[in-house]
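Subject: Structure handover

Hello,

Here is the structure I promised to pass on. Please open it first, then read my notes below.

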Amino acid sequence: MERIILDTDTAGDDNIALLMALKSSKARLEAVTINCGNINFDQQVENALYTIEFAGMSGKVPVYPGARHPLLRDWRTVENIHGKDGMGNSFFPKAKQRPEPKHAVDAIIELVNSNPGELTFVEIAPMTNIALALRKDPSIAKKFKSFYFMGGTNQYLGNVTPAAEFNFWVDPDAAKIVLHSGLKPTMVGWEICMRHGLFFGEELEKVRDIGTKEAEFFYAVNRQVRTFMRRERGIDAISCPDSITMAIVLDRKVATSTKNRFVEVDNESEISRGACYVDEYGVLGKKPNVKVVYEASEKRFKDMLYRLFREGRI
Ligand code: BDR
Ligand code: CA
């Protein structure tokens with residue numbers, strides 16, 4: 001059983017990762033924390049609350065709003081990818097549950113300190129909250145059971161600049177703090193999503209035909225992503241970086257190859273802000289600080305999602 005804290009910039013695929021954690025018999029979601037990233041901050045909070053209500057878990061999982069801005073940088077949100085509401089322009093009604101008054105950073109510190117060695121942190125957003133928590137109480141670095149993040153790229157193109165993946169680009173300074181905190185996280189980079197985490201047009205139509213509310217939700221929250229990918233990337237597909245990360249958390253066998261590597265992020269130059277470097281040959285002579293996922297089983301990942309769509313549980 002994984003007891004999870006999920007840090008999210010809730011839009012599009014983040015909602016599916018959240019739904020997976022809510023619907024898994026192998027996970028108990030202890031808290032959701034919200035980090036600036038994909039879209040307007042307050043809308044991200046509403047999206048997390050809506051997804052919790054959609055899963056029939058209203059009032060059972062607290063949502064803590066956190067950093068509304070990266071540590072040092074300005075950034076641009078991506079409503080053009082996820083829709084104005086971050087839910088594929090579904091404009092769902094407001095959930096009954098309201099966010100907690102406590103700040104996400106304090107919630108993380110308190111939860112980890114009262115459950116040392118017990119909690120798995122899943123980061124599917126820029127890393128501002130966790131970086132601030134590590135600065136406020138560095139001792140928490142050694143108190144997670146495990147730590148997974150979706151972010152960076154391993155020898156692959158960026159998706160927001162030629163050099164950088166979005167989560168690392170939004171807050172490279174926070175990513176740097178996390179990488180050098182002693183946490184030893186597991187990394188799921190953008191290339192894993194591009195190789196194994198795409199749903200193509202035909203598959204999407206099949207999902208829609210399943211006709212359950214979970215299948216419809218998946219289709220709806222990713223609708224705008226499909227339009228974006230068709231128009232801007234020339235492929236009829238949607239990308240699932242956050243949900244493939246959650247699949248790895250819920251079933252380790254989804255990650256079929258991992259390697260310990262030294263990983264660094266560029267927070268100095270402007271042109272390569274957020275660029276991620278995985279020292280494949282160990283030429284820097286530095287101790288590995290990250291377990292990098294190199295390959296994943298697309299079949300295992302998609303089977304898990306199809307189970308969610310058909311049976312409403314995983
Ligand atoms: C990451 O950025 C966000 O847009 C997605 O939710 C994902 O976490 C991919 O680069
Ligand atoms: Ca995300």
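A contact here means that heavy atoms lie within 4.5 Å. Take the contacts in the protein chain between residues at least 6 apart in sequence: 82% of them join residues at least 24 apart. Please keep in mind that this is a predicted model.

**Overall build**

The protein chain holds 13 helices and 12 strands. Its C-alpha trace spans about 55 × 45 × 35 Å along the principal axes. The radius of gyration is 18 Å, which agrees with the value near 20 Å for a compact globule of 314 residues. Of those 314 residues, 64% are buried.

The chain exposes about 12,600 Å², and 51% of that comes from carbon and sulfur atoms. As for charge, there are 43 positive and 42 negative side chains. The centres of the two sets lie 4 Å apart.

**The calcium site**

Which residues coordinate the calcium ion (ligand 2)? They are Asp9, Asp14, Ile124 and Asp242. Asp14 is listed twice, each time through OD. Asp9 and Asp242 also use OD, whereas Ile124 gives its O. The distances run from 2.3 to 2.7 Å. Along the chain, the donors follow the spacing D-x4-D-x109-I-x117-D.

Asp14 sits in helix 1 (residues 13–23) and Ile124 in strand 4 (residues 119–124), so this pair ties together parts that are 110 residues apart in sequence. Are these two buried or exposed? Asp14 is buried, at 2% relative accessible area. Ile124 is buried too, at 1% relative accessibility.

**Thr8**

Thr8 belongs to strand 1 (residues 2–8). Its relative accessible area is 0%, so Thr8 counts as buried. Leave aside its neighbours within four places in sequence, and Thr8 is in contact with Asp14 and Ile124, both of which coordinate the calcium ion (ligand 2). Its other contacts beyond those neighbours are Val32, Thr33, Ile34, Asn35 and Ala125.

**Helix 7**

Why call helix 7 (residues 172–179) largely enclosed by the rest of the structure? Because seven of its eight residues are buried. These are Pro172, Asp173, Ala174, Ala175, Ile177, Val178 and Leu179. What covers them includes two helices, helix 5 (128–136) and helix 6 (166–170). Strand 5 (144–150), strand 10 (263–265) and strand 12 (290–296) are also part of that cover.

Best wishes

Note on methods:
Residues are numbered from 1 along each chain as its sequence is written. Chains are lettered from A and ligands numbered from 1 in the order in which they are written. This is a predicted model: local features need pLDDT of at least 70, side-chain atom pairs count only at pLDDT 80 or more; totals for chains, interfaces and linings use all residues. Side-chain values use heavy atoms; hydrogens and water are left out. Helices (H or I, at least four residues) and strands (E, at least two) are DSSP runs, numbered from the N terminus. The radius of gyration is taken over C-alpha atoms; the globule rule is 2.2 Å times the number of residues to the power 0.38. Buried means under 20% relative accessible area, exposed over 50%, partly exposed in between (1.4 Å probe, protein chains only). Accessible areas come from the Shrake-Rupley method with a 1.4 Å probe; for residues, only the protein chains shown count as cover. Lys and Arg count as positive and Asp and Glu as negative; His and the chain ends are not counted. The place of a charge is taken as NZ of Lys, CZ of Arg, CG of Asp or CD of Glu. Donors are N, O and S atoms within 2.8 Å of the metal (3.2 Å for Na, K and Ca); water is not among the atoms, so sites may look incomplete.
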